[in-house]
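Colleague: Could you take me on a close look at the place where the two chains meet? I am new to this, so please go step by step.

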Amino acid sequence: MKRIEVEGIGKRYERNARREDLLMKRFFSAGSKKEEFWALKDISFQLKEGETLGIIGSNGSGKSTLLKILSRVSKPTEGRAKLIGRVAPLLEVGTGFHPDLSGRENIFLNGTLLGMPRASVLQKLDEIIDFSGIESFIDTPVKQYSSGMYVRLAFAVAAHLDSEIVLVDEVLAVGDLAFQAKCLNKMQELSQSGRAVLLVTHHLESLNRLCDSALWLDGGRMRDFGAADAVSARYRAEMMLRAKEIPAEQRSDRRGTGDIQLKKLQLLDEEGKEIQELEVGTLAQFALHIHSPHLQLDQLQNLRIQLNLFSENERFIGCYDSNMDLEQSRMPLPIELKTDLQSMHLIPGEYALVARLLINGKPADRLESALSFRVLPNARTSEFRRGGMHWELNWKKSEL
Amino acid sequence: MNKSIHTREEKPLERIIEAGRSPLKQVWVDFVQYKDLLRSFVHRDWKVRYGQTRLGWLWMFIQPILSAAILSLLFSRIGSRDGIEIPFPLYVISGWIGWSFFSSASTQSSQLLQQYQAIIRKVFFPKLFLPISKLLALLPEFLVGLFLVLIYTLWSGYGSWNLLWLLLALPFILLSSFSVALLSFAIGGSYRDIQQLLPYFFQMLFFLTPVAYSWGLFGSALPPEWQFVVYLNPIAGAIELFRHALFGALFPIQYALLSFGSTMLLLLVGLALFRKEEARWMDEL
């Protein structure tokens, strides 16, 4: 039985059309022209009961807009969607929680906010409290909760709604590992019990594990639609390609003043050869070319280079920052800079760098996916997937 | 494994999502599905108001008693006026409880959208529940005040079959309060300036409402053919009808119909405006 039928959904926004709160502004801007853009265009798909559809795409591709429309927070500009059955939105967890209310009171508030009758919240109360695992704090105001507890409770409420359709946004990225696993299991259980599940995610691993099919959104359009593993493989390949194929200097998707630009960013091995993969703990160095595209500058001072590191699921890992020596030196342009040979201090996984060049503390250039590389496991490490830090510490025997 | 959803006999809920405003049938279906949310909102409202206080929900009783005490102290020296034989404090308090319900509901409703915008951005629910729950949350205070007024009235030797008029007067007070609360919710949500202006507006309206003076006094200041203007104010007729129920004929009752008419008009305007603004809020919040 069909649960979701989406036909040609499109959503147009007017840029700068944020609420005009001031009467004056509204009167005076009546004639001004507004820039329009389509956050979604020509989206069509169907979802049957017992199926799970994953939606992937980079930031700004329209994933959240689609979910907002299906959960009726927002209206489409064109097209039509039909939802058959009750809808449980597991959007941002904890929405509608009130800090002064106790956990128990918030379960009722949250449950009814998601459209559940009070009686069925009451009926499931024990199950919800049990699932959340915070029984002993259930009568404490939630403002005293840790963020982990907060999330547990919120997921527990949403996961126990009576519904035929479940809409999920990124909830899996929260909580500790044990609770994440519990959430994954619960989601699997939901789809096996005949619900239609729609999951928006950055996390290709959970996409492959949970979803039958996947929809790839790119700039608000449907880029790819098909079996989850096939779509996610093509998606991953393209994301890596974007960073590798297009030379940094030809990319236009950058921000900053533009006084200087990153022309090239490379990872080099000990022999100075460019690499895309390296083993845990091996030494490598970054090399980077900076030029001034319109020749505004011929020399450079107070430069700071920040390489922000993200794992494959676009989670922020940390920052490779430059030190004061660089800021104090005066340099001619264009220039090539290299770091020392050193360990990257990363566990196995895929990584991407966002490069930021700052002059006098002001961002001059910012480039997403300026470089991506893979860290391979060695004999001593296992195959991690999520990305993170790895440090080998020196331990010395101390005399007692 | 939960198989119950396959064997459900009732026809499953079907929702169409399209551009434009939701059809009224859809609005009704949502009302029914979300009805228990009203209770949660009222509860939340009380918790926000009384949560940090020592006395908690007792304030719901203390506040009307306090304002009754202050008003009777203030007006106890002033005897009957313009031929009214009712103790003046009683006269004032009987007007005050309706007025304070009306003005609190209206001013507080103008801020509702801002207070709930974090939720509105993330979850769908019937937005009309916000002003309705605001009214419900203020109701206990009003009822306590009503109770005090009734006791005072009976103690002063008034009250007769005339009290049956309460069956009309009380819903009238609720309805006129709702009509203006809805309007200020819809306008205040979209134009924050209105939120700044509203307290002054209600201060002015207070003096145009027969709370601390009688119709006779006000009526004598206006030429007879212009007296009806006072009762274009929706709450004015509701308050006078309420007094009519307590004390018997004091003012030309047909003027209450005028207030009722403007209440209905404001209600329709409020609903239409709300439907229009709601569509904007979805994208602009």
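Modeller: Happy to! Let's start with the polar contacts: in this predicted model, 8 residue pairs are in polar contact across the interface of chain B and chain A, with both residues of each pair at pLDDT 80 or more. Several elements of chain B give two or more residues to the side that touches chain A, among them β1 (14-18), α2 (24-33), α7 (117-122) and α13 (254-284). The biggest giver on that side is α3(B), with 9 residues. If you sort the chain B side by class, you get 22 nonpolar, 11 polar and 17 charged residues.

Charged residues bring us to salt bridges, and the count between chain B and chain A is 4. You can look for one in the view: the side chains of Arg80(A) and Glu18(B) meet in a salt bridge, 3.5 Å from N to O.

Now step back to the whole contact. Chain A puts 54 residues into the contact, and chain B puts in 50. The size of an interface is often given as the accessible area lost when the parts come together. Here chain B and chain A bury about 4900 Å² between them, and 53% of this lies on carbon and sulfur atoms.

The strands deserve a look too. Strand β4 of chain A, residues 78-84, runs antiparallel to β1(B), and 5 bridges join the two. To find your place along the pair, pick out Lys82(A), which stands opposite Ile16(B) in β1(B). As for chain B as a whole, there is 1 strand alongside 13 helices. Of the 285 residues of chain B, 48% count as buried.

Last stop: a helix of chain A that chain B helps to cover. Helix α3 of chain A, residues 103-113, is mostly covered, with 9 of its 11 residues buried. Those buried residues include Ile107(A), Phe108(A), Leu109(A) and Leu113(A). Which elements do the covering of α3(A)? They include α4 (118-132) and α5 (147-159) from chain A itself, together with α3 and α7 from chain B. You have met both of those chain B helices already, since each is listed among the elements that give two or more residues to the side touching chain A. Follow chain A just past the end of α3(A) and you reach Gly115(A), which takes a positive phi of about 90°.

Methods: Residues numbered from 1 in each chain as written. Chains lettered and ligands numbered in written order. Predicted model: local features only at pLDDT ≥ 70, side-chain atom pairs only at ≥ 80, totals over all residues. Heavy atoms only, no water. Contact = heavy atoms within 4.5 Å. Buried area = accessible area lost by both parts, 1.4 Å probe. Polar contact = N/O pair within 3.5 Å; in protein donor to acceptor, adjacent residues only side chain to side chain. Helix = DSSP H or I, 4+ residues; strand = E, 2+ residues; numbered from the N terminus. Nonpolar A, V, L, I, M, F, W, Y, C, P; charged D, E, K, R; others polar. Pairing = 2+ DSSP bridges. Buried < 20%, exposed > 50% of the residue type's maximum accessible area, 1.4 Å probe, protein only.
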